[in-house]
Structures are given as structure tokens and as C-alpha cells.
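Visitor: I am new to this structure and would like a close look at a single part, the pairing of charged side chains. Could you take me through it slowly, and then show me what surrounds it?

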Amino acid sequence: MANVKFDPAYEALVAEVRSDGSPKDWVAFKYEGKNKLVVGASGSGGFPEFKAQLAEDACTWAFLRMIAGDQESKRPKFVLVQYNGSNLGGMAKSRAGIHKPDVEQAVGQHHVFYFGEGAEDMTEELVMDKIKKSSGANYDLGSNAAGYKTKAGDIKNSAASTYKTKEKETNIGPVVFHEGPLARATPCDLSGRPTVAPPTEAKKNTDYKGKLDIDKWQRNE
């Protein structure tokens with residue numbers, strides 16, 4: 001890293017946060033001096049536990065695993081957080097801003113970057129709102145937690161009914177063979193061009209009176 005150095009212990013903790021098999025869901029980094037980040041704290045108590053350890057006179061970087069979605073589909077979302085405490089000085093804020101590319105490279109892939117400045121900016125609701133907007137879908141895991149009833153069965157039955165109706169409307173019926181002459185039509189090839197012989201070709205099979213000369217046609221003269 002060109003601008004900031006990292007405590008070697010960060011890699012293992014970030015890997016734990018990423019792991020579905022680990023209860024650890026956040027890790028925070030604090031500055032030791034001006035250009036070194038060390039592990040400040042980590043835990044498995046979710047966002048409230050993470051927020052409780054934030055200092056108002058420092059910049060804290062953190063990597064969080066949060067759960068987004070509804071009862072039909074839940075998925076982890078990884079959030080990189082930069083929190084500037086409300087009492088952090090201007091020079092420290094500027095240095096921390098310059099370090100963002102290095103921190104992003106060190107932590108690796110994440111779904112959302114969230115910046116907060118002061119306690120009023122650092123709420124779980126605001127972070128989840130940014131996750132929802134970034135995913136392009138407004139999942140609601142909290143408001144329907146009480147009394148929620150799945151609609152998966154209704155959706156499946158409705159789809160099956162619609163499919164059967166469309167199948168009846170579009171399936172080819174029994175083959176009907178014509179027992180008499182076909183309706184007047186012009187034969188065409190696969191490209192849609194008529195395959196009827198031009199008048200000059202037709203005249204080759206007629207006599208001088210304009211009648212079909214069967215003998216001439218059979219001789220192919």
C-alpha cells in the first residue's frame with residue numbers, strides 16, 4: 001500500500017467476516033499514528049455492537065456482513081464503512097479520505113461503501129437503505145417479520161394455471177387432410193418467392209393455338 005500500512009491480522013478477520021460458517025460479522029480498524037491501520041475490535045453482535053465501539057474523536061474503518069432480503073430470499077451483503085467521528089479534526093479527515101483506495105484494495109470486494117460523519121449518520125436504517133438502493137430492489141426484512149405469510153404457494157399455483165390456459169390456446173389441433181381440391185393459391189419457396197413458371201416457359205408447352213400440347217410437354221422439347 002502506498003499511503004497506509006495495515007496490521008497483518010486484518011486479513012484473517014476480513015476472511016472470517018466473509019465466511020458463511022463464521023459468526024463474526026464485523027471488524028473495525030483504527031489508526032495507530034497517521035498512516036497505519038490496526039485492528040480495533042471485531043464481533044458477532046451485528047450492527048448495534050459495531051456502532052457501540054465507535055469513537056467520536058477518531059476515524060474508524062470497518063467491514064460488515066449484513067443480511068438483506070425478505071423471508072423468501074435472504075442474502076449477505078458486505079459493507080465497507082468509513083466513520084469520521086463528530087470531534088475528528090480537519091487534517092485527520094483529509095488523511096483518511098486519501099486512504100480510501102488503499103483500504104478498498106486491502107479489504108477487497110464489497111457491495112456498498114458507506115460514509116458517516118457523526119452518530120446521526122451512522123444508523124442501521126441508513127445503511128440498509130443504501131444496500132436496498134444499490135441492489136435495485138426494495139427488500140423489506142423488518143416490517144413484515146411479525147405475521148408474515150409466504151405467498152410462494154399462491155405464486156406457483158397461479159403460474160401453473162396460466163401456463164395450462166396458454167397451452168390450450170396455442171397447441172396445434174388434430175391434422176385435417178383435404179379430400180378435395182385445395183383452395184386457389186400460389187406456390188412459394190422458403191423465401192416467399194412464387195414458384196410459378198413465367199409466361200415464356202408456359203408457352204413452350206402449348207401449340208400454336210395456345211392449347212396445352214401434352215405430347216410436346218412429355219417429350220420436354
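Guide: E32 and K36 form a salt bridge, with their closest N and O atoms 3.8 Å apart; the term stands for a side-chain nitrogen of Lys or Arg within 4 Å of a carboxyl oxygen of Asp or Glu. What you see is a predicted model, in which local features need pLDDT of at least 70 and side-chain atom pairs count only at pLDDT 80 or more, while totals for chains, interfaces and linings use all residues. Residues are numbered from 1 along each chain as its sequence is written, and side-chain values use heavy atoms, leaving out hydrogens and water.

Both partners are partly exposed: E32 has 47% relative accessibility, and K36 has a relative accessible area of 32%. On this scale buried means under 20% relative accessible area, exposed means over 50% and partly exposed lies in between, as found with a 1.4 Å probe on protein chains only.

The setting of this pair is a hairpin of β2 and β3, with 4 residues between the strands, where G33 takes a positive phi near 85 degrees. Strand β2 covers residues 26–31 and β3 covers residues 36–43, the two running antiparallel and joined by 6 bridges; strands count as paired if DSSP finds at least two bridges between them. Helices (H or I, at least four residues) and strands (E, at least two) are DSSP runs, numbered from the N terminus. Across the hairpin, Y31 stands opposite L37 in β3. V38, which is found in β3, counts as buried at 9% relative accessibility. Leaving out residues up to four places away in sequence, V38 touches D7, A28, F29, K30 and E32, where contact means heavy atoms within 4.5 Å; E32 of the salt bridge is thus one of the residues that V38 touches. V38 and F6 are 32 residues apart in sequence, yet their C-alpha atoms are 6.1 Å apart in space.

Just as instructive are two charged residues in the loop between α1 (10–18) and β2, namely K24 and D25. K24 is buried yet has no salt bridge, since the nearest side chain of opposite charge, E16, is 4.5 Å away; here Lys and Arg count as positive and Asp and Glu as negative, with His and the chain ends not counted. The side chain of K24 does make a polar contact of 3.3 Å with that of S42. Such a contact is a pair of N or O atoms within 3.5 Å, and within protein one must be able to donate a hydrogen and the other to accept it, with residues adjacent in sequence counted only if both atoms are side-chain atoms. Beyond four places in sequence, the residues touched by K24 include L13, E16, V17 and R65.

D25 is likewise buried without a salt bridge, its nearest side chain of opposite charge being R65 at 5.5 Å. Among the residues that D25 contacts, leaving aside neighbours within four places, are V17, G43, F63 and R65. V17 belongs to the buried residues of α1, which are Y10, L13, V14 and V17. Seen down the axis of α1, these buried residues fall within an arc of 100 degrees, so they line one face of the helix; the arc is that of the directions from the helix axis to the C-beta atoms.

A search of the whole structure finds 3 salt bridges. In one of them E117 pairs with K93, the closest N and O atoms being 2.9 Å apart, and the pair links distant parts of the chain, with E117 in strand β6 (residues 112–117) and K93 in helix α3 (residues 90–98), 24 residues apart. E117 is partly exposed at 29%, and K93 is partly exposed with a relative accessible area of 29%. Another joins K133 to D129 at 3.2 Å between the closest N and O atoms; being 4 residues apart in helix α5 (residues 124–135), they are separated by about one helical turn. K133 counts as exposed at 62%, whereas D129 is partly exposed at 33%.

To place these pairs in the whole, the chain has 8 helices and 6 strands, and buried residues make up 26% of its 221 residues.
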